[in-house]
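Me: Could you take a close look at one helix for me? I'd like to know which of its residues are buried and what they pack against.

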Amino acid sequence: MIPRLVRLSRRAPKDRHQAWDTYWAGITATGPGGEVLWDSGSDHEFLGYKDSLLRHLDPALPVVDTGCGHGSFTRALAGIFPRVIGVDVSPHAVARARAESAVSGNAAFAARDMTAEGAGAALAESINAGVDGANVFIRGVLHVLDPAHQIALVENLRLLAGRRGTVFMAETNFQGNPVEYVSHLGATTRGIPAPLELAIRGLPMPGHFGPEERERAFPASAWDLLEDGHVAIETNPVTGVPGQDRVPGYYAVVRPRR
Ligand SMILES: C[S@@+](CC[C@H](N)C(=O)[O-])C[C@H]1O[C@@H](n2cnc3c(N)ncnc32)[C@H](O)[C@@H]1O
């Protein structure tokens with residue numbers, strides 16, 4: 001399996017932003033039976049976060065779904081918060097999210113590189129977050145960034161959160177090498193499930209993000225930890241094999257020190 005994986009992953013564009021946009025430009029189906037690896041097609045995972053979100057995020061503030069992809073979690077957030085904005089580095093992801101969210105009157109979308117210097121302040125201004133700031137929801141994004149980009153993104157989140165915003169994150173935290181990871185997701189010597197193959201051939205190899213990575217990216221000198229724990233990140237149930245669609249994950253709720 002290793003030579004095949006190496007061959008496939010060599011085709012991914014080296015520029016990460018271009019890789020994401022090319023990936024999203026090629027997606028033709030989302031939701032149940034769709035092509036997106038991290039899309040379970042169900043709101044089951046989100047419902048597991050709901051109590052924690054309602055406990056910690058001030059509903060008077062907008063919620064920014066950072067790295068929203070095709071917007072499935074943005075739409076779920078819009079079901080429980082009055083105002084949600086999904087942002088993603090990929091214009092094709094944003095276009096898709098917008099098209100799929102036409103009936104969600106309280107969800108809006110914008111293309112933003114959230115690792116770019118000044119992106120947090122610029123977004124806060126464009127959504128009129130004011131000094132109180134915005135809440136942030138982020139799922140499956142930190143683990144695809146290298147440590148320097150994680151730090152840059154977190155600085156933007158700190159500015160975006162302003163005086164009253166809170167950050168909720170959920171990330172995959174699989175402990176194992178790339179072959180163990182793709183095997184967990186259903187790859188065998190006989191074949192690779194289509195959504196997984198699309199991700200391998202088009203995207204940078206993901207890392208993992210757990211308590212250690214969170215402590216480094218959101219240091220205790222600047223962030224208060226309100227809650228954290230284990231979660232299962234639910235992915236596309238393409239193989240039908242029980243458990244293969246669930247990746248061990250980590251969630252945390254943090255707030256800038258004020
Ligand atoms: C694994 S997907 C998760 C999408 C979505 N959060 C979800 O859970 O369905 C990671 C997303 O992060 C976006 N992304 C990657 N780098 C980014 C950046 N620098 N700024 C904003 N979004 C980014 C990608 O385009 C992609 O949509």
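Reply: Let's go straight to α6, which runs over residues 119–126: the buried residues here are Ala 119, Gly 120, Leu 123 and Ala 124. Keep in mind that this is a predicted model. Buried, for this purpose, means under 20% relative accessible area. Now look down the helix axis: those residues cover an arc of only 130° around it, so they sit on the same side of α6.

What does that buried set pack against? Its partners are two strands and a helix: β1 (63–66), β2 (84–88) and α7 (147–161). If you follow the chain just past the end of α6, you get to Asn 128, which has a positive phi of about 55°.

Now zoom out to see where this helix lives. The protein as a whole has ten helices and seven strands, and 50% of its 258 residues count as buried. Take the contacts between residues at least 6 apart in sequence: 74% of them join residues at least 24 apart.

As for overall shape, a compact globule of 258 residues would have a radius of gyration near 18 Å, and the 17 Å found here agrees with that. The C-alpha trace spans about 55 × 40 × 35 Å along its principal axes.

On the outside, the protein exposes about 11,600 Å², with carbon and sulfur atoms supplying 55% of that area. Charge-wise, you have 25 positive and 28 negative side chains, and the centres of the two sets lie 3 Å apart.

Key:
Residues are numbered from 1 along each chain as its sequence is written. This is a predicted model: local features need pLDDT of at least 70, side-chain atom pairs count only at pLDDT 80 or more; totals for chains, interfaces and linings use all residues. Side-chain values use heavy atoms; hydrogens and water are left out. Helices (H or I, at least four residues) and strands (E, at least two) are DSSP runs, numbered from the N terminus. The radius of gyration is taken over C-alpha atoms; the globule rule is 2.2 Å times the number of residues to the power 0.38. Buried means under 20% relative accessible area, exposed over 50%, partly exposed in between (1.4 Å probe, protein chains only). Contact means heavy atoms within 4.5 Å. Accessible areas come from the Shrake-Rupley method with a 1.4 Å probe; for residues, only the protein chains shown count as cover. Lys and Arg count as positive and Asp and Glu as negative; His and the chain ends are not counted. The place of a charge is taken as NZ of Lys, CZ of Arg, CG of Asp or CD of Glu. The arc is that of the directions from the helix axis to the C-beta atoms.
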